[in-house]
Amino acid sequence: MPVDAESDNVRVVVRCRPMNEKEVAGGCGLAVNVDESRGIITVKNPSARTGEPPKQFTYDRVFGLDAKQVDVYNDAARPIVNCVLEGYNGEKCRQ
């Protein structure tokens, strides 16, 4: 649906990917934890000093390691594409 320019907001969606074969073979560990229900990604520094807390980032929507591309598309892009196909400017569409 179209909305006014005054109420436009940017929606930030993040998808964390699983480690690839090279990373697994190299013994790399996961540095992120995804809390999809709260929209929070926690990043831990493997080289952090003792007691240094991990960093937390909050987004409008986050997808974890098992998310499928179609899930990300359906949530983040499909509503905008549908709005554009209805004749509205994609920048004016709200999800």
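**Exercise 1. Which residues form a nonpolar patch on the surface, and with about how much accessible area together?**

*Solution.* Keep in mind that this is a predicted model.

- Step 1: pick out the residues. The patch is made up of Met-19, Val-24, Leu-30 and Val-32.
- Step 2: take their accessible area. Together, the four come to about 280 Å².
- Step 3: zoom in on one of them. Leu-30 sits in the loop between helix H1 (21–25) and strand E2 (32–35).
- Step 4: check how open Leu-30 is. Its relative accessible area is 38%, so Leu-30 is partly exposed.

**Exercise 2. Lay out the secondary structure of the protein chain and say how much of the chain is buried.**

*Solution.*

- Step 1: count the elements. You should get two helices and five strands.
- Step 2: put them in sequence order. The pattern reads β-α-β-β-β-β-α.
- Step 3: look at burial. The chain has 95 residues, and 14% of them count as buried.
- Step 4: look at the surface. About 7,300 Å² is exposed, with 52% of that supplied by carbon and sulfur atoms.
- Step 5: see how far apart in sequence the contacts reach. Take contacts between residues at least 6 apart in sequence: 48% of these join residues at least 24 apart.

**Exercise 3. Find the network of salt bridges that includes Asp-75, and work out which parts of the chain its pairs tie together.**

*Solution.*

- Step 1: start with the whole structure. A search turns up four salt bridges.
- Step 2: take Arg-11 and Asp-75. Their closest N and O atoms are 2.8 Å apart, and the two residues form a salt bridge. Arg-11 lies in the segment before strand E1 (13–15) and Asp-75 in helix H2 (residues 69–85), so this pair ties together parts that are 64 residues apart in sequence.
- Step 3: now try Arg-61. Its side chain meets that of Asp-75 in a salt bridge, at 3.5 Å from N to O. Since Arg-61 belongs to strand E5 (residues 61–63) and Asp-75 to helix H2, the pair ties together parts that are 14 residues apart in sequence.
- Step 4: put the pieces together. Arg-11, Arg-61 and Asp-75 are linked in a network of salt bridges.
- Step 5: check the accessibility of each member. Arg-11 is partly exposed at 34% relative accessibility, Arg-61 is partly exposed at 24%, and Asp-75 is partly exposed at 21%.

**Exercise 4. Which residue does Glu-23 form a salt bridge with, and how far apart are the closest N and O atoms?**

*Solution.*

- Step 1: find the partner. Glu-23 forms a salt bridge with Arg-17.
- Step 2: read off the distance. The closest N and O atoms are 2.9 Å apart.
- Step 3: classify Glu-23. With a relative accessible area of 22%, Glu-23 is partly exposed.

**Exercise 5. Is Thr-42 buried or exposed, and which residues is Thr-42 in contact with beyond its sequence neighbours?**

*Solution.*

- Step 1: place the residue. Thr-42 belongs to strand E3 (residues 40–43).
- Step 2: apply the cut-off. Buried means under 20% relative accessible area. Thr-42 has 16%, so Thr-42 is buried.
- Step 3: look at the strand pairing. E2 and E3 run antiparallel and are joined by four bridges, with Asn-33 having Thr-42 in E3 as its bridge partner.
- Step 4: follow the turn. E2 and E3 make a hairpin with four residues between them, and Gly-39 in the turn has a positive phi of about 70°.
- Step 5: list the contacts. Leave aside neighbours within four places in sequence, and Thr-42 is in contact with Ala-31, Val-32, Asn-33, Pro-54, Lys-55 and Gln-56.
- Step 6: look at two of these partners. The C-alpha atoms of Thr-42 and Pro-54 are separated by 6.4 Å, though the residues are twelve apart along the chain. As for Gln-56, its side chain is joined to that of Thr-42 by a polar contact of 3.4 Å.

How values were computed
Residues are numbered from 1 along each chain as its sequence is written. This is a predicted model: local features need pLDDT of at least 70, side-chain atom pairs count only at pLDDT 80 or more; totals for chains, interfaces and linings use all residues. Side-chain values use heavy atoms; hydrogens and water are left out. Patches are made of residues with over 30% relative accessible area and no salt bridge: like charges are joined within 9 Å, nonpolar side chains (Val, Leu, Ile, Met, Phe, Trp, Tyr) within 5 Å. Accessible areas come from the Shrake-Rupley method with a 1.4 Å probe; for residues, only the protein chains shown count as cover. Buried means under 20% relative accessible area, exposed over 50%, partly exposed in between (1.4 Å probe, protein chains only). Contact means heavy atoms within 4.5 Å. A polar contact is a pair of N or O atoms within 3.5 Å; within protein, one must be able to donate a hydrogen and the other to accept it, and residues adjacent in sequence count only if both atoms are side-chain atoms. Two strands pair if DSSP finds at least two bridges between them.
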